[in-house]
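Subject: Structure for you to look at

Dear colleague,

I am passing on the structure below and would be glad if you would look through it with the notes that follow.

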Amino acid sequence: MLFFRTVQFTRSQCIAQKTLKHRRVKHFGYEFSYDNNNVDKDKPLPGGLPEICDPFLEKCLKQGYIKHKPDQLTVNQYEPGQGIPPHIDTHSAFEDEIISLSLGSEIVMDFKHPHGHTVAIMLPRCSLLVMAGESRYLWTHGITPRKYDVIQASELGQKVGTITADAGDLTLNRRETRTSFTFRKVRRSPCNCIYPSVCDSQKGPQSRVQPSFPHNEMEASELEQEYVHKVYEEIATHFSSTRHSPWPRIVEFLRSLPKGSIVADVGCGNGKYLGINEDLYMVGCDRSKNLVDICGEKNLEAFVCDALSVPMRSGSCDACISIAVIHHFSTAERRLATIRELARLLRPGGTALIYVWAMEQEYKNQKSKYLKEKNGSKDKEEEINTGTAQRPLSDELPDGSSQDSLCSDRLLSDAKGKGCDVKPIADSTLPIHTNRTSFHSQDLLVPWHLKGGSKKKGESTDTGLFPVGSKESQELSPVFHRYYHVFCEGELEAVCRSLDCVKVQRSYYDQGNWCVVLEKL
């Protein structure tokens, strides 16, 4: 392998030098715009690629790493603690093969499949990363900002390797300055890859349609990504401003726990329950990085993770809470899996409190606060339970299909007949709910009206009625749609009772939500 030597670039070649939040960067050949994640193909930079690159690229061509000689180079320099957000290089901007040479410090790069499967790859010094096919077009790649990486001790400084869970062979490796040279070939025609769900060339206006009910795990994952995960990342600041009043019965549960209990809030949102009882050791997790950042600003303990795969030891918690999380999962299998994961975290005898939004917003002749606030202010319209800051975290699940109905699935035979007599919506478009009205469907999209100026400084608000980023959504007051599955009476209990590792201590209805307390057997 040929490596770069120190070289003085011309001033014209260095014209596209910038300092970004996460690293220093220079572009050669074409400047990559981080505003629209693309290149201006009609405005090449003066000087092209440095001549020093030619021997290296010729060898890459000869070895078959690339099919075409690259005409765009991005040089990134990372200091310890810096990284890059997870992303897929824009399909319409670049051809298939992307190669990246790592100089300086070794580092761990994280790859993630849309289904949630993650792989951490060790990139040693002077190694070449080749991304082609599925790894280039479908998997996101990124570098988590941190000063230490957990790596295989046996592979330190030696070779590329996948980071495994073998605790006996793991060690901490302090990061140093790293420089990467990433070469790409600018694309001159639309991308026609076999991954249309993540391809901007194949996502024209015709694809911006109201989503349908998912029939398999891939469709469910894509639905949740567009109508749950992305939405909460966009509305996090405004959402947090409406989530400040803890619910009394949840506070009661937390204050009833013994002093010194270890408690996990899975889907903690902005962390409003993490400081309720100072006698507890509470830690939160959430799929939304922006909401976890808000927890950090409050000096609360929280981290980003997937609710279907929480990185905590089995049996390590005395209690767990899951408040308004599970109703964002779009299939019965995924909802069951989240409850199974909560049970895994609990020690024998440990308890979990679960809240989900109820189909029955009028119960025992009493309207819920959600309905009562119909004529209230718009702030209150968003403040009561249209979903609190928790959202599901898509992850790797066995592939299969699900014909979820509005009364759920096979698990719920004992839940039927309790006032939830609605027909399946399989093969139909998800309806859009009218806020502050009764539900007529269990699976639906609920609007969130984003307040102007509520996002973080420098962020755009050009999203709305359809998936994040669609042109149709660009309004002065954007409206985002979030997916929900509202639960019928008895449905949540039935799902919990299908697990043989827990028992339902009690269940109740609380202001438009069905609630259960589980005990680990």
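In this predicted model, the largest nonpolar core has 36 residues, and those with the most contacts inside it are Val266, Cys320, Ile339, Ile354, Leu492, Cys496 and Leu518. Two or more residues each come from β16 (262-266), β19, α6, β20, α9 (491-497), β25 and β26, and the element that gives the most is α6, with 6 residues. A second, separate core holds 27 residues, among them Leu223, Tyr232, Trp357 and Leu450. Nonpolar side chains tend to be buried together in soluble globular proteins.

To see one position of the larger core in detail, you could start from Cys496, which, when residues up to four places away in sequence are not counted, touches Ile339, Ile354, Val502, Val504, Val516 and Leu518.

Several of the elements that feed this core also belong to an open sheet of 7 strands, with mixed pairing, whose order is β18-β17-β16-β19-β20-β26-β25. Which strands stand at the edges of this sheet? They are β18 (302-304) and β25, and because each has a single partner strand, one side of each is left without a neighbour in the sheet. On average, and with direction ignored, neighbouring strands of this sheet are turned by 15 degrees against each other.

Within the sheet, β16 and β19 run parallel and are joined by 3 bridges, with Asp265 standing opposite Ile321 in β19. The pairing of β19 (residues 317-323) with β20 is likewise in the parallel sense and extends over 6 bridges, and here Ile323 stands opposite Tyr355 in β20. Together with helix α6 (residues 332-345), β19 and β20 make a right-handed β-α-β unit. On to β26 (residues 513-520), the direction is antiparallel, with 7 bridges joining this strand to β20, and Ala352 stands opposite Leu518 in β26. Strand β20 itself (residues 346-357) is mostly covered, since 9 of its 12 residues are buried.

Two helices deserve a look against this sheet. Helix α6 packs on the sheet and touches β16, β19, β20, β25 and β26, its direction making about 150 degrees with that of β20. Helix α4 (residues 248-255) lies across β16, β17 (281-286), β19, β20, β25 and β26, and runs at about 175 degrees to β20.

Two loops attached to these strands contain residues whose backbone I would ask you to check. Most residues other than glycine have a negative phi. Ala324, in the loop between β19 and α6, nevertheless has a positive phi, near 60 degrees, and Gln511, in the loop between β25 (502-509) and β26, has a positive phi near 45 degrees. Are these two residues buried or exposed? Ala324 has a relative accessible area of 1%, which is under the 20% limit, and is therefore buried; Gln511, at 44% relative accessibility, falls between 20% and 50% and so counts as partly exposed.

Beyond this sheet, strand β23 (residues 443-449) is mostly covered, with 6 of its 7 residues buried. Its partner in an antiparallel pairing over 7 bridges is strand β24 (residues 479-485), where Tyr484 is the residue opposite Leu444.

Among the helix contacts, α3 (residues 217-241) and α5 (residues 289-297) pack at an angle of about 35 degrees, with their axes 7 Å apart. On the α3 side the contact is made by Glu233, Ala236, Thr237, Phe239 and Ser240, which meet Lys289, Asn290, Leu291 and Ile294 in α5. By character, the residues of this contact divide into 4 nonpolar, 3 polar and 2 charged.

Finally, there is Pro80, which lies in the loop between β5 (72-78) and β6 (84-87) and counts as partly exposed because its relative accessibility is 28%. Leaving aside neighbours within four places in sequence, Pro80 is in contact with Arg146, Lys147, Arg175, Glu176 and Thr177. The C-alpha atom of Pro80 is separated by 9.9 Å from that of Ile107, a residue 27 places away along the chain.

With best regards

How values were computed: Residues numbered from 1 in each chain as written. Predicted model: local features only at pLDDT ≥ 70, side-chain atom pairs only at ≥ 80, totals over all residues. Heavy atoms only, no water. Axes fitted to C-alpha atoms, helices over the stretch in contact; angles between N-to-C directions. Helix = DSSP H or I, 4+ residues; strand = E, 2+ residues; numbered from the N terminus. Contact = heavy atoms within 4.5 Å. Nonpolar A, V, L, I, M, F, W, Y, C, P; charged D, E, K, R; others polar. Buried < 20%, exposed > 50% of the residue type's maximum accessible area, 1.4 Å probe, protein only. Pairing = 2+ DSSP bridges. Right-handed = clockwise from strand over helix to strand, strands pointing away. Core = buried A, V, L, I, M, F, W, Y, C linked by side-chain atoms within 4.5 Å.
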